[in-house]
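Visitor: I have a structure to go through with you. Please show it, and then I will ask my questions.

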Amino acid sequence: MTYKIAVLAGDGIGPEIVAQARKVTDAIVQKFGHDFEYTEALVGAVAIDKVGNPYPDETHELCMNSDAVLFGAIGHPRFDNDPTAKVRPEQGLLAMRKKLGLYANLRPVTTFKSLIHKSPLKTELVDGADFMCIRELTGGIYFGRPQGRSEDGQTAYDTCVYSADEIERIVRLGFEYAGKRRKKLTIVDKANVLATSRLWREVSQRIEPEFPEIEVEYMFVDNAAMQLITWPKRFDVMVTENMFGDILTDEASVISGSMGMLPSASVGVHTSVFEPIHGSYPQAAGKNIANPCATVLSAAMMFEYAFALMKEGALIREAVDKSLEAGIVTEDIADGKKAYSTSEVGDWLANYIKNA
Ligand SMILES: NC(=O)c1ccc[n+]([C@@H]2O[C@H](COP(=O)([O-])OP(=O)(O)OC[C@H]3O[C@@H](n4cnc5c(N)ncnc54)[C@H](O)[C@@H]3O)[C@@H](O)[C@H]2O)c1
């Protein structure tokens, strides 16, 4: 069988990190005798520059006709520093999520033995932390309308909108994942203040009796932000709305040791997208210093989630673990020791897989 992969490298460090994920994927494909067909397409600032649209129709067409999308990152300081820009790279990401119906972003948060000392949290707090954060991805304040400015430009507004159906499908996913793991689900909201959160709670409580084996807890987002760094081991599966999930998972990245280590999968109605949780890290673009592991581990999730090729995914994880143990790491986790370049880490991982 030929697996069709759409490759959307995007901006900043995107092309460099995606190139390493491809090396690793190629090594796996060769070792296990699969057939992969990659097709590259534009997204983000580079797409605005070339065709004036951050998520061109051709890119969407390709994604729809692929078995999986491997995604780098989007974003450029030129747009970040110009609040008046009418077309922005982030619109490309949001359009892709909406058009592909990617309503759930799965973000596993785990620790790596050799990186535990990198966490700003005490070792005994993070050692053994292992949970899945499920972030709603196509609703909430990022998509709600109206959004904009008053005529005099002195007032701005965003609208947070959720329908019961949107809430139900993601909360169900939360229950299902909890059922496959340690059977504990934390539903994070702000039901003491927000009407959308109260609907989240209402819908969740309606579904709860269908999953009697799951222990459910409801937690306000401010408390969750605190619990994440005071007692991260209490979590198994966490499900939350779009903006809360965005913020909490960046916070959770300190548990793993670096933003450069956290992968994700965005799943929903059409083709799934596998992407690191970090952005385009423009300060590192073109310098060959960014950590490619989040993207490489996203490729591992692609094998497991999109193709149910578990051994292939496991070998990629093993390669990453071994590279950390061997100190073949980029500067963000080198800890004053020798730092390897992005491409050297990619080469090492691909070689490990070839020789495994
Ligand atoms: N999914 C996406 O494509 C996505 C997500 C977040 C931000 N962005 C965009 O990225 C641009 C930069 O945003 P930002 O600086 O807030 O976030 P960022 O994730 O790009 O970088 C924040 C910090 O995290 C660290 N970091 C991130 N990726 C790393 C890697 N691979 N290796 C080592 N360290 C890494 C760096 O210290 C960096 O300064 C903006 O334009 C923003 O809109 C895109």
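Guide: A polar contact is a pair of N or O atoms within 3.5 Å; within protein, one must be able to donate a hydrogen and the other to accept it, and residues adjacent in sequence count only if both atoms are side-chain atoms. This is a predicted model, where local features need pLDDT of at least 70, side-chain atom pairs count only at pLDDT 80 or more, and totals for chains, interfaces and linings use all residues. Residues are numbered from 1 along each chain as its sequence is written, and side-chain values use heavy atoms, with hydrogens and water left out.

Visitor: Which residue has a backbone N or O atom 3.0 Å from a nitrogen atom of the ligand?

Guide: Oxygen atoms of the ligand have other partners. A polar backbone atom of Gly 279 is 2.7 Å from one ligand oxygen. Ser 280 places a backbone N or O atom 3.0 Å from a ligand oxygen. For the ligand nitrogen, the residue is Asn 291.

Visitor: How much of the ligand does the protein bury?

Guide: Areas come from the Shrake-Rupley method with a 1.4 Å probe; for residues, only the protein chains shown count as cover. Taken alone, the ligand exposes 810 Å². The protein buries 71% of that.

Visitor: How many residues around the ligand are charged?

Guide: A residue is near the ligand if one of its heavy atoms lies within 4 Å of it. There are 18 residues around the ligand, and Ile 74, Asp 80, Glu 90, Gly 279 and Tyr 281 come nearest. Ala, Val, Leu, Ile, Met, Phe, Trp, Tyr, Cys and Pro count as nonpolar, Asp, Glu, Lys and Arg as charged, and the others, Gly among them, as polar. The shell has eight nonpolar residues, seven polar and, as charged residues, three.

Visitor: How do helix 1 and helix 11 lie to each other?

Guide: Helices (H or I, at least four residues) and strands (E, at least two) are DSSP runs, numbered from the N terminus. Axes are lines fitted to C-alpha atoms, for helices over the stretch in contact, and angles run from 0 to 180 degrees between N-to-C directions. Under 35 degrees counts as roughly parallel, over 145 as roughly antiparallel, 65 to 115 as roughly perpendicular and the rest as oblique. The axes of helix 1 and helix 11 come within 8 Å and cross at roughly 45°, so the pair is oblique.

Visitor: Where is Asn 288 found?

Guide: Most residues other than glycine have a negative phi. Asn 288 is not a glycine, yet has a positive phi of about 60°. Its place is the loop between strand 12 (273-276) and helix 11 (293-307).

Visitor: Which peptide bond is cis?

Guide: Most peptide bonds are trans. Pro 146 sits in the loop between strand 5 (130-136) and strand 6 (148-149). With omega near 10°, the cis bond runs from Arg 145 to Pro 146.
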